[in-house]
Amino acid sequence: MKKIAAIEAGGTKFICGIGNENGEILDKTSIPTKTPEETMKMVIDYFKDKEFEAMGIGCFGPIDPVKGSESYGYITKTPKPHWSDYDIVGELKKHFDVPMEFDTDVNSAALGESLWGAGQGLSSVVYITVGTGIGAGAVINGKMLQGLTHPEMGHIFVKRDKNDPYTGKCPFHKDCLEGLAAGPAIEERWGDKAYNLEERNEVWEMEAYYLSQALVNYILILSPQKIIMGGGVMKQSHLFPLIRKMVRETLNGYVHKKEILEDIDNYIVYPGLKENAGLMGSVALGRLALENR
Ligand code: ADP
Ligand code: ZN
């Protein structure tokens with residue numbers, strides 16, 4: 001069984017681990033995201049004595065995941081201090097001479113879920129994370145979605161709730177989906193930590209209103225066979241029935257498939273890989289690197 005090095009590079013921590021081709025995690029560790037110099041030194045130290053034949057890097061964005069592009073392998077214009085224009089793949093290549101695949105954390109999570117998680121056996125799935133930010137990735141016909149660059153489905157525009165005066169928190173667009181519905185937006189709008197707002201129905205009705213619109217757009221544009229929703233905010237599991245109901249109401253029978261009309265509880269779901277969805281996604285990327293070798 002071939003071993004794979006996996007990195008889930010996040011804005012607060014880098015989860016690094018060793019997995020295998022079957023998607024089993026053999027070892028893992030968590031490294032805080034400080035400056036690239038500090039964090040990458042710890043990442044390289046972790047992997048340097050380990051055996052592996054490929055590496056997968058699922059990374060917070062924006063990044064350039066398009067092979068052949070000038071800035072391939074870079075974290076590009078991130079608002080995250082110190083990490084803008086950082087050649088993360090280039091740095092790893094200096095230390096590890098193995099095939100690598102690099103994509104967004106959410107594209108790779110979609111790939112991992114389609115291989116080993118809630119999307120097992122399906123060729124088209126969308127993965128959305130609702131946490132500090134909102135990001136969504138997709139595997140369509142077995143391949144992660146890429147084009148000019150990677151999709152930015154967390155920054156789409158949604159109709160405002162008429163009872164929502166909040167201006168929005170996205171530094172680029174103010175009231176895009178992320179600006180209205182990521183964890184920090186919920187907390188600023190309602191003035192409390194998201195987990196303290198559990199009992200307040202109006203909070204989650206509004207949240208579900210925004211997220212369900214995003215899902216409807218994903219369904220209409222990408223036609224996924226399943227939508228997987230992870231991230232800290234989705235730990236509020238009562239959001240799921242609200243979102244499913246609103247998605248059905250908004251589509252209004254137009255997408256005439258039993259997955260939506262009769263079995264939506266199995267169509268919009270929590271990650272099958274639970275808390276490991278991110279790291280397993282990177283293992284899946286490493287597996288792809290072996291295949292593409
Ligand atoms: P990240 O996006 O940084 O990888 P998370 O997915 O854990 O991390 O998202 C963190 C955000 O999720 C926090 O800003 C907080 O608003 C929200 N969050 C975390 N836990 C909960 C919870 N139990 N209920 C609701 N919101 C939560
Ligand atoms: Zn935005």
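A polar contact, as the term is used on this tour, is a pair of N or O atoms within 3.5 Å; within protein, one of the two must be able to donate a hydrogen and the other to accept it, and residues adjacent in sequence count only if both atoms are side-chain atoms. What you have open is a predicted model, in which local features need pLDDT of at least 70 and side-chain atom pairs count only at pLDDT 80 or more, while totals for chains, interfaces and linings use all residues. Residues are numbered from 1 along each chain as its sequence is written, chains are lettered from A and ligands numbered from 1 in the order in which they are written, and side-chain values use heavy atoms, with hydrogens and water left out.

**Stop 1: ligand 1**

Select ligand 1 together with the residues near it, where near means that a heavy atom of the residue lies within 4 Å of the molecule or strand in question. The selection should bring up G131, T132, G183, E187, A194, Y195, G231, G232, V233, K235 and Q236. Which side chains place an N or O atom 2.6 Å or 2.8 Å from an oxygen atom of ligand 1? The side chain of T132 does so at 2.6 Å, and a polar side-chain atom of E187 lies at 2.8 Å. For Q236, the partner is a nitrogen atom of ligand 1, which is 2.7 Å from an N or O atom in the side chain.

**Stop 2: the zinc ion**

Move next to ligand 2, the zinc ion, and display its donors, which are N, O and S atoms within 2.8 Å of the metal (3.2 Å for Na, K and Ca); water is not among the atoms, so sites may look incomplete. The ion is coordinated by ND1 of H155, SG of C170, ND1 of H173 and SG of C176, at 2.1 to 2.4 Å. The angles among these 4 donor atoms run from 103 to 119°, and the site is tetrahedral, a label given to four donors if all angles lie between 85 and 135 degrees. Along the chain, the donors follow the spacing H-x14-C-x2-H-x2-C. H155 and H173 are 18 residues apart, a pair linking distant parts of the chain, and each sits in the loop between β10 (143-144) and α4 (177-181); helices (H or I, at least four residues) and strands (E, at least two) are DSSP runs, numbered from the N terminus.

Are these donors buried or exposed? Buried means under 20% relative accessible area, exposed over 50% and partly exposed in between, with a 1.4 Å probe and protein chains only. H155 is buried at 18% and C176 is buried at 0%, whereas H173 is partly exposed at 33%.

**Stop 3: C59 and S108**

Now select the cysteines and look for disulfides, a disulfide being a pair of cysteine sulfur atoms within 2.5 Å. The structure holds 0 of them. C59 is accordingly in no disulfide, and the nearest cysteine sulfur, that of C16, is 11 Å away. C59 is also buried, with a relative accessible area of 0%.

Continue to S108, which lies in helix α3, residues 105-116, and is buried at 0% relative accessibility. Beyond its neighbours within four places in sequence, S108 is in contact (heavy atoms within 4.5 Å) with G58, M144, G281, S282 and L285.

**Stop 4: backbone geometry**

Most residues other than glycine have a negative phi, and most peptide bonds are trans. Select G61 and P62, which are joined by a cis peptide bond with omega about 0°; P62 belongs to the loop between β4 (54-59) and β5 (74-75). Then go to H82, which is not a glycine yet has a positive phi of about 80°. H82 is placed in the loop between β5 and β6 (86-87) and is exposed, with a relative accessible area of 56%.

**Stop 5: the loop before α9**

K274, also not a glycine, has a positive phi of about 50°; this lysine is in the loop between β12 and α9 and is exposed at 51%. Select N276 as well, in the loop between β12 (268-269) and α9 (277-292). N276 is partly exposed at 25% and, its neighbours within four places in sequence set aside, is in contact with I25 and K28. Although N276 and A109 are 167 residues apart along the chain, their C-alpha atoms are separated by 9.2 Å.

**Last stop: K193**

Finish at K193, in the loop between α5 (183-190) and α6 (201-222), where the residue counts as partly exposed at 41% relative accessibility. A distance drawn from the C-alpha atom of K193 to that of I4, 189 residues apart along the chain, should read 37 Å.

Key:
Tetrahedral: all angles 85-135°; square planar, octahedral: opposite > 155°, others 65-115°.
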